[in-house]
Amino acid sequence: MGSPAVATALVSASLLVLGAAPDGGHLPLPARMADTGGGSQLITAVAAKSTSTSGTVTWWDLHNGQWVKAGSAKARFGANGLVAGTSRKQGTNTTPAGLYELPYAFGIKGAPNGTSYKYRPVRASSWWCQDNDSRVYNRWSEPRAKDCRAAESEHLIAYEKQYAYAMVIGFNYSHPVRGRGAGIFLHVNGDGATAGCVSLPADAMRRILKWADPGREPHIAIGTTGGHTAVTRY
């Protein structure tokens, strides 16, 4: 039988191999978060700091009580970085940090084969209302509501590249606060940083749409690696 010192070293090494280090440093990101939304699928969108305009999106599955990475891709954020969703202001080109539901998907292109998520086709009459004075603020409007000004809205079909595939991020969605922001999506990359959305390469969006299972209640957590907008706080 080996000495106590050797036995202790072996136990410590085993813990490290299993990813069960006492400080939790080897735990997957969702296991270190304050909340994951209660479902068994999660998307994390993480930037290095609040001023970053790029980072990483990872999608995860909960299997037998453990979070397992299903895929990842480089991501882009708002041109002015990230800010706490609770204090965000409309028109600031910032991505709202927080934990959000994913109400439904949509796209100018048809849903990828294997998609089970509710997927709404974009038509010539499809708009997303961002008019603070409209009764349909932060909602899809088809046709555009009379009280929703075109200049204060997005004509979805005009964003052929970005909205080829997209998912609605539930920021300011259930009970919209006027002036906080509207039309925050997970969508395909455009030419650079976003106006507040999270964007990915088209192939990654297709993979996420085929992976997302509405019965498993996927959420998205947006944040930074540390600081007051750390993703682990949500």
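A salt bridge joins the side chains of lysine 161 and aspartate 191, with an N to O distance of 3.9 Å. Lysine 161 is located in the loop between β10 and β11 (166–168), and aspartate 191 in the loop between β12 (185–188) and β13 (198–200), so the contact ties together parts that are 30 residues apart in sequence. In this predicted model, lysine 161 is partly exposed at 46% relative accessibility, whereas aspartate 191 is exposed at 78%. The pair belongs to a set of five salt bridges in the structure.

A further salt bridge is formed by arginine 216 and aspartate 61, whose side chains meet at 3.1 Å, N to O. This pair links distant parts of the chain, 155 residues apart: arginine 216 lies in the loop between α2 (202–211) and β14 (219–224), and aspartate 61 in strand β2 (residues 54–63). Aspartate 61 is buried, its relative accessible area being 10%, while arginine 216 is partly exposed at 22%. The assignment of aspartate 61 as buried follows because its value is under 20%.

Glutamate 142 and arginine 123 also form a salt bridge, in which the closest N and O atoms are 3.1 Å apart. Here the linked parts of the chain are 19 residues apart, with glutamate 142 in the loop between β9 (139–141) and β10 (153–155) and arginine 123 in the loop between β7 (119–121) and β8 (127–129). Glutamate 142 has a relative accessible area of 27% and is partly exposed; arginine 123, at 45%, is likewise partly exposed.

In addition, a network of salt bridges links Asp131, Asp133 and Arg149.

Definitions and conventions: Residues numbered from 1 in each chain as written. Predicted model: local features only at pLDDT ≥ 70, side-chain atom pairs only at ≥ 80, totals over all residues. Heavy atoms only, no water. Salt bridge = Lys/Arg side-chain N within 4 Å of Asp/Glu carboxyl O. Helix = DSSP H or I, 4+ residues; strand = E, 2+ residues; numbered from the N terminus. Buried < 20%, exposed > 50% of the residue type's maximum accessible area, 1.4 Å probe, protein only.
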